[in-house]
Amino acid sequence: YHVNDHHHECKRVSRFSAFKWWEQALSDAGGREPVILIRADDKEAMVLISRKRYEELCRIVNLHEVF
């Protein structure tokens with residue numbers, strides 16, 4: 001759905017290597033909040049953050065009730 005200048009989608013998947021990356025990042029982060037950057041050849045980089053962090057960022061920029 002759309003909020004201000006953003007389009008939000010939630011994809012639910014059971015198999016996606018990002019979950020393995022996330023577990024590794026959590027392990028390596030030493031208690032800090034993990035952020036994962038993903039980029040394929042000739043594609044724009046994307047960022048993986050936790051839903052909790054995403055909701056915090058949405059509140060900062062006044063995007064209420066994201067999910």
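**Figure 1. Glu56 and its partner in helix α2.** With a relative accessibility of 25%, Glu56 counts as partly exposed. This view, like those that follow, is taken from a predicted model. Glu56 forms a salt bridge with Arg53, and the closest N and O atoms of this pair are 2.4 Å apart. Both residues belong to helix α2, where they stand three residues apart and are thus separated by about one helical turn. Arg53 also counts as partly exposed, at 31% relative accessibility.

**Figure 2. Arg51 and Glu55 in helix α2.** A salt bridge joins Arg51 to Glu55, with 2.8 Å between the closest N and O atoms. The two residues are four residues apart in helix α2, a spacing of about one helical turn. Glu55 has a relative accessibility of 25% and is therefore classed as partly exposed, since that class lies between the limits of 20% for buried and 50% for exposed residues.

**Figure 3. Glu33 and its link to helix α2.** Glu33 is located in the loop between α1 and β3. A salt bridge connects Glu33 with Arg53, the closest N and O atoms lying 3.6 Å apart. Because Glu33 belongs to that loop whereas Arg53 belongs to helix α2, which covers residues 51–60, the pair ties together parts that are 20 residues apart in sequence. Between the C-alpha atoms of Glu33 and Arg53 the separation is 8.3 Å. When neighbours within four places in sequence are left aside, Glu33 is in contact with Ser50 and Arg53. The relative accessibility of Glu33 is 36%, so this residue counts as partly exposed.

**Figure 4. The salt-bridge network.** Glu33, Arg53 and Glu56 are linked in a network of salt bridges. Arg53 takes part in two of the pairs shown in the preceding views: one with Glu33, the other with Glu56. The salt bridge between Arg51 and Glu55 may be viewed alongside this network. The count of salt bridges in the model comes to three.

**Figure 5. Helix α1 and its two sides.** Helix α1 covers residues 18–29. Its twelve residues should span 16 Å at 1.5 Å a residue, and the C-alpha atoms at its ends are 16 Å apart, which agrees with that expectation. Ala18, Trp22, Ala25 and Ala29 are buried in this helix. Seen down the axis of α1, the buried residues fall within an arc of 65°, so they line one face of the helix. Lys20, Glu23, Ser27 and Asp28 are exposed on the other side of α1. The buried residues of the helix pack against β3 and β4. After α1 comes Gly30, a residue with a positive phi near 60°.

**Figure 6. Asp42 between two strands.** Asp42 is found in the loop that runs between β3, residues 36–38, and β4, residues 46–48. The phi of Asp42 is near 60°, which is a positive value in a residue other than glycine. Asp42 has a relative accessible area of 78% and is therefore exposed, as the class begins over 50%.

**Figure 7. A nonpolar patch on the surface.** Val35, Leu37 and Val47 form a nonpolar patch on the surface of the model. Together these residues have about 300 Å² of accessible area. One of them, Val47, lies in strand β4.

**Figure 8. The protein chain as a whole, for orientation.** The chain contains two helices and four strands. Starting at the N terminus, the order of these elements is β-β-α-β-β-α. The chain has 67 residues, of which 18% count as buried. The accessible surface comes to about 6,200 Å², and 52% of this surface belongs to carbon and sulfur atoms. Among the contacts between residues at least 6 apart in sequence, 36% join residues at least 24 apart.

Key: Residues numbered from 1 in each chain as written. Predicted model: local features only at pLDDT ≥ 70, side-chain atom pairs only at ≥ 80, totals over all residues. Heavy atoms only, no water. Buried < 20%, exposed > 50% of the residue type's maximum accessible area, 1.4 Å probe, protein only. Salt bridge = Lys/Arg side-chain N within 4 Å of Asp/Glu carboxyl O. Expected span 1.5 Å × (residues − 1). Arc of directions from axis to C-beta. Contact = heavy atoms within 4.5 Å. Patch = residues over 30% accessible without salt bridge, like charges linked within 9 Å, V, L, I, M, F, W, Y side chains within 5 Å. Areas by Shrake-Rupley, 256 points an atom, 1.4 Å probe, with all protein chains shown as cover.
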